[in-house]
Amino acid sequence: MRRFEKVFTQGTLDVMEIWIDTKTGVHYLWHKNANSGGLTPLLDEKGAVVVAKKSES
């Protein structure tokens, strides 16, 4: 299983993507523009880190 899974992408030159760490469930926002880029945890409206609910299997 891959550690990170891309679940959203927008744009071609000015790119924003959402990635999920499949081990921890934490969502990350990746933004790239030309030769620059940055990664940060995705936050909800209260400022808490967005974490995916783990499925019970």
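This is a guided tour of a predicted model, with suggestions on what to select at each stop.

**Stop 1: strands β2 and β3**

Select residues 14–21, which make up strand β2, and then residues 27–33, which make up strand β3. The two strands run antiparallel and are joined by 7 bridges. To see how they line up, pick V15 and look across to β3, where K32 stands opposite. Now follow the chain from one strand to the other: β2 and β3 form a hairpin, with 5 residues between them. In that turn, select G25, whose phi is positive at about 85°.

**Stop 2: strands β3 and β4**

Keep β3 on display and add residues 36–41, strand β4. Here too the pairing is antiparallel, this time over 6 bridges. Two cross-strand positions are useful as markers. N33 stands opposite S36 in β4, and L29 stands opposite T40 in β4. In a regular strand, side chains alternate between the two faces of the sheet.

The link between β3 and β4 is a hairpin with 2 residues between the strands.

**Stop 3: A34 in the turn**

Select A34, which lies in the loop between β3 and β4. What is the sign of phi at A34? The value is positive, near 60°, and the residue is not a glycine. Most residues other than glycine have a negative phi. Is A34 buried or exposed? With a relative accessibility of 56%, A34 counts as exposed, because the cut-off for that class is over 50%.

**Stop 4: the aromatic pair**

Next, show the aromatic side chains. The structure holds 1 aromatic pair. Select F4 and Y28: their ring centres are 6.4 Å apart and their planes meet at 65°, so the pair is edge-to-face. The two rings come from distant parts of the chain, with F4 in strand β1 (residues 4–10) and Y28 in strand β3, 24 residues apart. Colour F4 by accessibility and it falls in the partly exposed class, at 38% relative accessibility.

**Stop 5: D21 and its surroundings**

Move to D21, in strand β2. Is D21 buried or exposed? Its relative accessibility is 3%, so D21 counts as buried. Show what surrounds it: not counting residues up to four places away in sequence, D21 touches R3, F4, V26 and Y28. Both members of the aromatic pair, F4 and Y28, are thus on the list of residues that D21 touches. Closer in sequence, add K23 to the view, since the side chain of D21 reaches the backbone nitrogen of K23 at 2.9 Å.

**Stop 6: the salt bridges**

How many salt bridges does the structure hold? There are 2 salt bridges.

For one of them, stay with D21 and select R3. Their side chains meet in a salt bridge, with an N to O distance of 2.6 Å. R3 lies in the segment before β1 and D21 in strand β2, so this pair ties together parts that are 18 residues apart in sequence. R3 has a relative accessible area of 40% and is partly exposed, whereas D21 is buried.

For another, select K6 and E17, whose side chains meet in a salt bridge at 3.7 Å, N to O. This pair also links distant parts of the chain: K6 is in strand β1 and E17 in strand β2, 11 residues apart. K6 counts as partly exposed, at 42% relative accessibility. E17, at 11% relative accessibility, counts as buried, because the cut-off for that class is under 20%.

**Stop 7: V51, after β4**

For the last stop, select V51, in the segment after β4. Which residues is V51 in contact with, leaving aside its neighbours within four places in sequence? They are T24, G25, V26 and H27. G25 has already been seen in the turn between β2 and β3, and V26 among the residues that D21 touches. To check the approach in the viewer, draw a distance between the C-alpha atoms of V51 and T24: they are separated by 7.7 Å, although the two residues are 27 residues apart along the chain. V51 itself counts as partly exposed, with a relative accessibility of 47%.

Notes: Residues are numbered from 1 along each chain as its sequence is written. This is a predicted model: local features need pLDDT of at least 70, side-chain atom pairs count only at pLDDT 80 or more; totals for chains, interfaces and linings use all residues. Side-chain values use heavy atoms; hydrogens and water are left out. Two strands pair if DSSP finds at least two bridges between them. Helices (H or I, at least four residues) and strands (E, at least two) are DSSP runs, numbered from the N terminus. Buried means under 20% relative accessible area, exposed over 50%, partly exposed in between (1.4 Å probe, protein chains only). Rings of Phe, Tyr and Trp (its six-membered ring) pair if their centres lie within 6.5 Å; planes under 30 degrees apart count as stacked, over 60 as edge-to-face and the rest as tilted. A polar contact is a pair of N or O atoms within 3.5 Å; within protein, one must be able to donate a hydrogen and the other to accept it, and residues adjacent in sequence count only if both atoms are side-chain atoms. Contact means heavy atoms within 4.5 Å. A salt bridge is a side-chain nitrogen of Lys or Arg within 4 Å of a carboxyl oxygen of Asp or Glu.
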